[in-house]
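Please open the model in your viewer and keep the sequence panel beside it, since each stop on this tour begins with something to select.

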Amino acid sequence: MGPDVIFQERQKFTQWWIWTIFIGVFVLYFYDVSRYLSSDPPQNLPTALLITGGLLFVVTYIFIICRLDTLIKTDGIYVRLYPFHIKPKFYSWSSLTKAYVRTYSPIVEYGGWGLRFSIFGKGKAYNIAGNQGLQLELTNRKRILIGTAKPEELMHALVKLGQLKQ
């Protein structure tokens with residue numbers, strides 16, 4: 001048997017404003033397509049409009065399937081931002097000098113949500129929503145922030161394992 005799971009969380013993009021933007025863009029796109037198709041005589045759709053439609057569907061699909069999976073087990077922390085990671089990234093407890101929950105500013109510190117890299121030395125972030133996260137500092141001085149919607153539960157898991165390192 002493998003290591004015991006102490007904490008697990010799955011986050012998806014559920015923010016209303018993201019989906020409102022997608023719906024608005026789709027409405028504009030289909031309005032544009034309908035203008036071409038309803039002209040007299042009907043016109044062929046421009047290649048740029050077809051490419052735009054394809055990209056719109058691909059980006060929307062990625063947002064639909066995107067998820068952040070976080071597992072804290074007795075042997076370490078597993079994080080996966082699907083579909084960008086096929087297998088979870090693993091951080092053993094021995095590879096961490098610090099592990100604690102903190103409040104952060106997604107836009108100021110990392111430029112938004114998703115898989116982000118800070119230009120201000122804050123490291124890498126895996127986040128979907130909110131402003132709470134598990135801050136990891138590795139023995140190689142790299143920093144990783146994993147967003148969470150369950151900061152209290154996550155803190156309790158770290159305390160339970162004796163791995164809350166501030």
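Begin by selecting A125 together with L145, a residue of strand β9, and you will find that the two stand opposite each other. As you look, bear in mind that this is a predicted model. Now widen the selection to the strands around this pair: β7 is joined to β9, which covers residues 143-147, by three bridges, and the two strands run parallel.

**The five-stranded sheet**

Next, colour the strands β5, β8, β9, β7 and β6, which in that order make up an open sheet of five strands with mixed pairing. At the edges you will find β5 and β6, and because each of them has a single partner strand, one side of each is left without a neighbour in the sheet. If you turn the view so that you look along the sheet, you can follow its twist, which averages 15° from one strand to the next. Then add helix α4 to the picture: this helix packs on the sheet, where it touches β5 and β8, and its direction makes about 155° with that of β5.

**A loop residue beside this sheet**

Select K122, which you will find in the loop between β6, residues 114-117, and β7, residues 124-127. Is K122 buried, partly exposed or exposed? Its relative accessible area is 28%, and since buried means under 20% and exposed means over 50%, K122 counts as partly exposed. Show the surroundings of K122 as well, and, leaving aside residues up to four places away in sequence, you will see that K122 touches E109, Y110 and R143. Of this group, Y110 is worth a distance label, for K122 and Y110 are twelve residues apart in sequence and 7.7 Å apart in space, taken from C-alpha to C-alpha.

Move on to R141, which has its place in the loop between β8 and β9. The backbone of R141 deserves a careful look, as its phi is positive, about 75°, although R141 is not a glycine. With a relative accessibility of 76%, R141 counts as exposed.

**The four-stranded sheet**

Now hide the strands you have coloured and select β1, β2, β3 and β4, which form, in that order, an open sheet of four strands with antiparallel pairing. Here β1 and β4 stand at the edges with a single partner strand each, so one side of each is left without a neighbour in the sheet. On average, and with direction ignored, neighbouring strands of this sheet are turned by 10° against each other.

Zoom in on β3, residues 76-82, and β4, residues 89-92, which run antiparallel and are joined by four bridges. Two pairs are useful to label here: I77 stands opposite Y91 in β4, and V79 stands opposite K89 in β4. How many residues make up the hairpin connection between β3 and β4? The hairpin joins these strands through six residues, and in the loop between them lies P83. Select P83 along with Y82, and you will find a cis peptide bond joining the two, with omega at about 15°.

**Back to helix α4**

Select α4 again, this time as residues 151-161, and pick out its buried residues, which are P151, L154, A157 and L158. When you look down the axis of α4, these buried residues fall within an arc of 125°, so they line one face of the helix. Turn to the other side of α4 and you will come upon E152, H156 and K160, which are exposed. What do the buried residues of α4 pack against? They pack against β1 (5-12), β2 (67-73), β5 (96-103) and β8 (132-138), so that strands you have met in the first sheet and in the second both appear here. Following α4 is G162, whose phi is positive, near 70°.

**The largest pocket**

For the last stop, show the surface and select F13, I18, F63, W113 and G114, which, among the 16 residues lining the largest pocket, lie nearest its centre. How much space does this pocket hold? About 290 Å³ lies in it. To see where the lining comes from, colour α1 (16-37), α2 (47-65) and β6, each of which supplies at least two of the lining residues. The greatest contribution is that of α1, which gives four residues to the lining.

Technical notes
Residues are numbered from 1 along each chain as its sequence is written. This is a predicted model: local features need pLDDT of at least 70, side-chain atom pairs count only at pLDDT 80 or more; totals for chains, interfaces and linings use all residues. Side-chain values use heavy atoms; hydrogens and water are left out. Buried means under 20% relative accessible area, exposed over 50%, partly exposed in between (1.4 Å probe, protein chains only). The arc is that of the directions from the helix axis to the C-beta atoms. Contact means heavy atoms within 4.5 Å. Two strands pair if DSSP finds at least two bridges between them. Axes are lines fitted to C-alpha atoms, for helices over the stretch in contact, and angles run from 0 to 180 degrees between N-to-C directions. On a 1 Å grid over the protein atoms alone, a cavity is a set of points where a 1.4 Å probe fits but cannot get out, and a pocket is an open set with protein on both sides within 12 Å along at least five of seven lines; lining residues have an atom within 4 Å of a point. Grid points are joined across faces, edges and corners, and a volume is the space filled by probe spheres set on the points.
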